[in-house]
Structures are given as structure tokens and as C-alpha cells.
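The following report concerns one protein chain, and it moves from the chain as a whole to one of its strands and then to a patch on its surface. Please read it alongside the sequence and the model.

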Amino acid sequence: MTLTVCVYFRVYFSGLVGLLLILTAEARIGNSSESSFCTESRECLLYDLVCKNDDYEVRHYDSVKWVSTEEECYFMDKATYTAFGRLFKYITGSNEAGVNIDMTTPVTVKIEEKKRLWQSSVFTLSFLLPSDYQMTPPQPTDESVYFTETPDMNVYVRSYGGWMMSLTSGVNSMLLKRDLDKVQATYNKDYHYAVGYDSPMKILNRHNEVWYMVEGEPVCPTSS
């Protein structure tokens, strides 16, 4: 009798954990109407605001899965053009299931911090997988396309308008680092993310971001 009860609760608990994982994945990728700058996709990556000041904000993101590809280049613009084409093919049927997958926002570019101006960087472009495909996405047919998972994390975020290009992204990452160093915040200095929310067709009210990963406790003074 005791063994039967233990087996029952083990099965029940395992099922409950699985259900919670599914609900968590869906809860943090929600309807774009819940975000003021996700205007062109059905689903968007959601977050909890930890704190905010005039210079930057701190957000908490749950762990989510992405489909990604890498490109080594001197400039982000050329790298993302090539990488975007690969990922777009994946979501438009170039996967083992042959299914079309909805585009989501944001699109992220993981950028290695350059040690020298003339040094090339590896740019990792990622599309957020929709909630329906967070658990079991179809396998890519292109070997250079693969899945990644960002951890449960806090990030420092600086937002800016206009177009996300090498120049604008570089300037805003420099400004965010300056503000973080000014308040002695600790963050991962090996890489950062350029984050875009808009298609090339959108002209006005564009929204872009720079992310640095928080290390330790986030620092967010109420005034700059």
C-alpha cells in the first residue's frame, strides 16, 4: 500500500511539474497587446520590470527557447542580413515538419565585445520560438541553424528609436556601459545583445534595445 501511494505521488508530481513548465513557457511569451512596443507580431517576449531610472531599466526574463544561427563578420548589418535569411527559411517551412511558424518579437543579436576595432566578431541572430513550439520545435534542415535557451535572468536595458544598425547599436551599448560603470554595476562584459522589435517596413515609432546581463544584484538608482 505504501509503495503504491509513493508511486502515485511520484507520477502526479512529475505530471504537475511538466504542466507548470508548459504554463511558464506560455505565460512569458504572451499576446503582443500586453507590450507597448510589440506591434507587428501576434506574440511577444514578456518580462517583469525590476526597476527603472532615466538612463536604463532592469528587467527579469524567464528562461525561453530560440532558434539561432551564427555569422562571423566585421559589421553587424551584413552578418544579420545573411543570418536573417537562414532563420526566415526555417520559420517558412525549411524544417523537418515542413510547417510555417509565426514570427515573434523581439529578434536578438548576441554580439561579442570587440577587443580591437579591426577584429571581426561572431554575431548570433535568434528568433524567439512561439509558445506553441517552446517545448517541441521542429528540427531545422539547415545544419547551421540550431536551438538556444536563455536562462532565467535579469538584464540591464537601454531603449532607443530609429534603425538598429552597427553604428546606432554600438553607440547605445557604449552609453549603457558608461551609465552602468558610473554606478559600479556588475554585468557580463564579454558580450551584449542588440534587440529589435520592428520589421524593415515600419518607418515611424521604431523601438530597439541594448541588453547587458546582470551579474550579482542589479543596481538601479532612482535618479541619474
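A residue is called buried here when its relative accessible area is under 20%, and exposed when that area is over 50%. With that cut-off, strand β4, which spans residues 57–61, is mostly covered, since 5 of its 5 residues are buried.

The model is a predicted one, and the confidence attached to it deserves a word before the details. The mean pLDDT of the protein chain is 88, and 86% of its residues reach 70 or more. Over residues 1–27, however, pLDDT stays under 50, and for this stretch the model has 5 contacts beyond four places in sequence. Where pLDDT is low, the predicted coordinates should not be read in detail.

The protein chain contains 3 helices and 11 strands, and read from the N terminus its elements follow the order α-β-β-β-β-β-α-β-β-β-β-α-β-β. Buried residues account for 44% of the 224 residues in the protein chain. Of the contacts that link residues at least 6 apart in sequence, 70% join residues that are at least 24 apart. The accessible surface of the protein chain amounts to about 12600 Å², and carbon and sulfur atoms contribute 58% of that area.

Strand β4 can now be considered in its surroundings. Both of its faces are covered, with E57, R59 and Y61 buried on one side and V58 and H60 buried on the other. Two antiparallel pairings of β4 are set out below.

| Partner of β4 | Residues of partner | Bridges to β4 | Opposed residues |
|---|---|---|---|
| β3 | residues 48–52 | 4 bridges | K52 and E57 |
| β9 | residues 153–160 | 5 bridges | Y156 and V58 |

The connection from β3 to β4 is a hairpin of 4 residues, and the two strands pair in the antiparallel sense. Strand β9 likewise runs antiparallel to β4, with Y156 of β9 standing opposite V58, one of the residues whose burial was described above.

The surface offers another setting. W163, M165, I203 and L204 together form a nonpolar patch there, with about 430 Å² of accessible area between them. Of these residues, L204 is located in the loop between β10 (191–196) and β11 (208–213). Why is L204 classed as exposed? Its relative accessible area is 63%, and L204 therefore counts as exposed, the cut-off for that class being over 50%.

Notes: Residues are numbered from 1 along each chain as its sequence is written. This is a predicted model: local features need pLDDT of at least 70, side-chain atom pairs count only at pLDDT 80 or more; totals for chains, interfaces and linings use all residues. Side-chain values use heavy atoms; hydrogens and water are left out. Patches are made of residues with over 30% relative accessible area and no salt bridge: like charges are joined within 9 Å, nonpolar side chains (Val, Leu, Ile, Met, Phe, Trp, Tyr) within 5 Å. Accessible areas come from the Shrake-Rupley method with a 1.4 Å probe; for residues, only the protein chains shown count as cover. A salt bridge is a side-chain nitrogen of Lys or Arg within 4 Å of a carboxyl oxygen of Asp or Glu. Buried means under 20% relative accessible area, exposed over 50%, partly exposed in between (1.4 Å probe, protein chains only). pLDDT is the predictor's confidence in each residue, from 0 to 100. Contact means heavy atoms within 4.5 Å. Two strands pair if DSSP finds at least two bridges between them.
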